[in-house]
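Ready for a few exercises on a fold you haven't met before? Have a look around first, then work through the tasks below.

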Amino acid sequence: MTPDDQNLSHHGVDDFIAGNAHASETMRLLIERSSCRSFYNRPIPAEILELILKAGIHAPTGGNLQPFSIIVVEKKAALQKLAELNEDQMFIAEAPAALIFCIDWRRLSRWAELEAAPFAANNSFRHFWISFQDTIIAAQNICTAADALGLGSVYVGTIIDKLREHRELLALPKCVFPVVLLSLGYPKARPVPKKKLPPRALVHREKYQDLSDNDLQAVFNEKYPALRREVTNERLEIISQVCRDLHGDQYADRCLENIRKHGYINAAQYYFGLHYRADLMQQGNEEYLRLIREFGFGWFENKPGRSSGE
């Protein structure tokens, strides 16, 4: 990713935050939270880390089952390996700790087996869905607790691209599925919060209501003010091919005409034509299903039978 691309991915300052007081310290932490990718070479005291982890353990969870586990990685060699597995994001190796949040039905399946109780949650999509929510809620509790204690953090979602490698590194058994990594440490600088869409774009009263076309474009222009990418032959060729593969020649011609008319590549075209390429988004779905089965989850097969949690 070029510096130019990096600036687009982590867009400008939130004007709402600048000069605004907050009703409480909790509200300030939630609204001013930002991702930190630069950490001091300073270990997190054990008592501080335990307190942060306790905040995650006490997060809301469906049925109070707590179907998640948190892998704490602090050894430098393992942190270096995690950085390499996650697109060489070296801040992972520089941070004193990485927390890997996993869906975990193994612990509950073992408990059921020991107590002679039936168990099939690992073969239930509904339970997979709820356990995913529980895992992320615990992660966010920890993120907020870390901010409250003067630490910084950043979520790393690229763990999804190297599931087998993470399983091997972390010795994950069947029915334990890695969801997200959180790098944690003392920030060298507290990044300025990034601009977000306003409430009117995200909050609906009673029923879902679409914004008008003009209002929709306006809120995105507010979030991405004057973010324009230079037109190059290489970029035009890629965007054109992405459009053709997904929507056909006529749509590709419309996209290129829009770019030539304005003289730049707009933020939406950049994101979905070049950065998070729309033609690549839908690739690999079958492989992910194979991986989910390999990790011990069979909810998509609709085959009742013995749990594979052993």
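Two strands count as paired if DSSP finds at least two bridges between them, and strands (E, at least two residues) and helices (H or I, at least four) are DSSP runs numbered from the N terminus. This is a predicted model, where local features need pLDDT of at least 70, side-chain atom pairs count only at pLDDT 80 or more, and totals for chains, interfaces and linings use all residues. Residues are numbered from 1 along each chain as its sequence is written, and side-chain values use heavy atoms, with hydrogens and water left out.

**Exercise 1.** Work out how strand 1 pairs with strand 2, and in what order the strands of the open sheet run.

*Solution.*
- Start with the pair: strand 1 and strand 2 (residues 97–104) run antiparallel over 6 bridges.
- Zoom in on I71, and you'll find I100 of strand 2 opposite.
- Now step back: the open sheet has 4 strands in the order 1-2-4-3, with antiparallel pairing.
- Strand 1 (68–73) and strand 3 (152–156) are at the edges with a single partner strand each, so one side of each has no neighbour in the sheet.
- From one strand to the next, the twist averages 25°.

**Exercise 2.** Describe how helix 3 packs against helix 7.

*Solution.*
- Begin with the axes, which are lines fitted to C-alpha atoms over the stretch in contact, with angles from 0 to 180 degrees between N-to-C directions.
- Helix 3 (residues 46–57) and helix 7 (residues 125–148) pack at about 145°, and their axes are 7 Å apart.
- Next, list who touches whom (contact means heavy atoms within 4.5 Å): helix 3 brings I52, L53, A55 and G56, while helix 7 brings A138, N141, I142, A145 and A146.
- Finally, sort by class: this contact has 7 nonpolar, 2 polar and no charged residues, where Ala, Val, Leu, Ile, Met, Phe, Trp, Tyr, Cys and Pro count as nonpolar, Asp, Glu, Lys and Arg as charged, and the others, Gly among them, as polar.
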